[in-house]
Amino acid sequence: MSILKYPDLAFESTEVIYKTQEDLLRRHLRHISDNSPYYRDKLQGIDIDNFKLDCLTDLPLTDKSEFSEYNDQFQAVSDRAVADMAFSSGTTGHPTKFVYTMNDLDRLAYNEAQAFRGCGVTDEDLVLLSCTMDRCFIAGLAYYSGPRSLGAAVIRNGHSTVANYLEVIMRTSPTVMVGVPSFLLRLGQYITSQGIDLASHSIKRMVCIGEPLRDRELRFLKSCQELESIWGAKVFSTYAATETITAFCECEHQMGGHFSPDLGILEIVDDNDQNVPDGEIGEVVVTPLQMEGMPMIRYKTGDISFIAGTSCSCGKNTARLGPIIGRRKQMMKIRGTSIYPQGVQAVLNELPQVKEYYLKASNNDSFSEHLTIYVALAEGQSQADYVLQKLQARLRVKPELVVAPIEEIRKVVYNPEFRKPVRFIDERK
Ligand SMILES: [Zn+2]
């Protein structure tokens, strides 16, 4: 099933977008009901040819635990049609497998091209990738093939040292860089410490993955402001899930993530799986349209966010996704208050006294959960009371604060076994 591409659909009227999505949804449901062992029974009795997009919520939701448990049954193509495989951590103790066909890889490239195009990347750009392409990591392939299909050139520098990155940047003068914001900030600080003025250098755009850049009100986090000023570049947040391959990426107006409406349908649901009004917080649910190898319906990503609006100054008329506020399963209940690690991180990121940190959740008995925050402070223990007060004021609960030397904290945060910095350790049973 080749991909039907409507690259400018987001700029059409909501009626045109709705009708196109409805047609694509019917096509998607037909493929699933004909080929997916997992969904075949679940779609029985549904009149696919006359299915209305309004009735989307009549369709079943799927979450990560179902996907892990019935993993192979989600495959809707023969093994011969598989072109690429990826794995992600599952809920069964075994990695969850994803299969992609050639059409899915075409879709992956188109999806990411739409995201990069949305933040102003063109065929004149040279894109430096600081994410890995290997280890069955599908996002790396997306960040490579997206800009490539726009006609841009790509440097796959992967996980490397800051000294190596300095060398590559000086030698090649890239115009766009892709990476995890905390790494990009560390790299910027390192290069600046070598006496180089990055603001007058070539990089003008940074596409940030894996960590949010904004708070609930869409204001830049402190680390993000630092990132823009140190590099003299505009930063754009992008978000996607391996299961849905539907990217949400900011445009030049930096007001939340746009997606390509020919590739997905977005919903936000509450704890009872009901759709919530725009602006209200809930779990991100995506129906990825035009997926062939492992197609899904209404996939619950486990990520918590909200719809920040349904139009934009750039002219797009699709929902904008806010920053990821947390992971559903990472939510902590501390003396009755719901707290997400990302919320705590947002406070810590804003405090200049805090040089490095990580959080640890534990539960001593079945009734209460406990949050310990390990921090390295610029002036040590003397600033602990101030930091604790700030945390308490914002979170409305008082966590435990442990001050430690920066080297000790960094050893935990930059664990080479993980792709991203480890800032949350969950020891709850
Ligand atoms: Zn926009």
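**Group meeting: two sheets and two domains**

I start with a single unit: β5, helix α7 (residues 181-193) and β6 together form a right-handed β-α-β unit. This is a predicted model, and that applies to everything I say today.

Stay with β5 for a moment. The strand covers residues 176-179. Val176 and Val178 point to one side, Met177 and Gly179 point to the other, and all are buried. On one flank, β5 is joined in parallel to strand β3 (residues 126-129) by three bridges. Within that pairing, Leu129 has Val178 as its bridge partner. β5 is also joined to strand β6 (residues 205-208), by four bridges, and this pair runs parallel. There, Met177 is matched with Met206 in β6.

These strands belong to an open sheet of six, ordered β4-β3-β5-β6-β7-β8, and the pairing is mixed. At the edges are β4 (153-156) and β8, each paired on one side only. As a general reminder, strands in a sheet pair through backbone hydrogen bonds, and the pairing can be parallel or antiparallel. β7 and β8 give an antiparallel case, with two bridges between them. Thr238 has Cys249 in β8 as its bridge partner.

Next to Thr238, let me pick out Ser237, which is in strand β7. Is Ser237 buried or exposed? Ser237 counts as buried, because it has 27 C-beta neighbours inside 10 Å, and the cut-off for buried is 20 or more. Setting aside residues up to four places away in sequence, Ser237 touches Cys208, Pro212, Leu213, Arg214, Glu250, Gly257 and Pro323. Phe248 lies 11 residues from Ser237 along the chain, and their C-alpha atoms are 8.2 Å apart.

Now two backbone points. Ile245 is not a glycine, yet its phi is positive, about 40°. Ile245 sits in the loop between β7 (234-239) and β8 (248-249). Ile245 is also buried, since 27 other C-beta atoms lie within 10 Å. The second case is Gln290, again not a glycine, with a positive phi of about 65°. Gln290 is in the loop between β10 (282-288) and β11 (299-305). With 26 other C-beta atoms within 10 Å, Gln290 is buried.

On to the domains. The domain assignment of the chain gives domain 1 as 1-328 and domain 2 as 331-426. How far apart are the centres of domain 1 and domain 2? Taken over C-alpha atoms, the separation is 28 Å. In the contact between them, 14 residues of domain 1 meet 11 residues of domain 2. On the domain 1 side, the residues that touch domain 2 are six nonpolar, five polar and three charged.

Next, a second sheet. Four strands make an open sheet in the order β19-β18-β17-β20, with mixed pairing. Which strands stand at the edges? They are β19 (400-403) and β20 (424-426); each has a single partner strand, so one side of each has no neighbour in the sheet. From one strand to the next, the twist averages 20°.

Strand β17 (residues 354-362) is joined to β20 by three bridges, and the two run parallel. In that pair, Lys360 stands opposite Ile425 in β20. Two helices come with the sheet. Helix α11 (residues 406-413) packs on the sheet and touches β17 and β18, its direction making about 55° with that of β17. Helix α9 (residues 341-350) lies across β17, β18 (370-377) and β20, and it runs at about 160° to β17.

My last residue is Thr337, in strand β16 (residues 337-339). Thr337 is exposed, because 10 other C-beta atoms lie within 10 Å, and the cut-off for exposed is 12 or fewer. Apart from neighbours within four places in sequence, Thr337 is in contact with Arg396 and Val397. For a long distance across the model, take Thr337 and Arg171: they are 166 residues apart in sequence, and their C-alpha atoms are 51 Å apart in space.

To close on the contrast between two residues I picked: Ser237 is buried, whereas Thr337 is exposed. That is what I have for today.

Definitions and conventions
Residues are numbered from 1 along each chain as its sequence is written. This is a predicted model: local features need pLDDT of at least 70, side-chain atom pairs count only at pLDDT 80 or more; totals for chains, interfaces and linings use all residues. Two strands pair if DSSP finds at least two bridges between them. Axes are lines fitted to C-alpha atoms, for helices over the stretch in contact, and angles run from 0 to 180 degrees between N-to-C directions. Two residues are in contact if their C-beta atoms, placed from the backbone, lie within 7 Å. A crossover is right-handed if, with the strands pointing away from the viewer, the path from the first strand over the helix to the second runs clockwise. Domain bounds come from an automatic or database domain assignment. Ala, Val, Leu, Ile, Met, Phe, Trp, Tyr, Cys and Pro count as nonpolar, Asp, Glu, Lys and Arg as charged, and the others, Gly among them, as polar.
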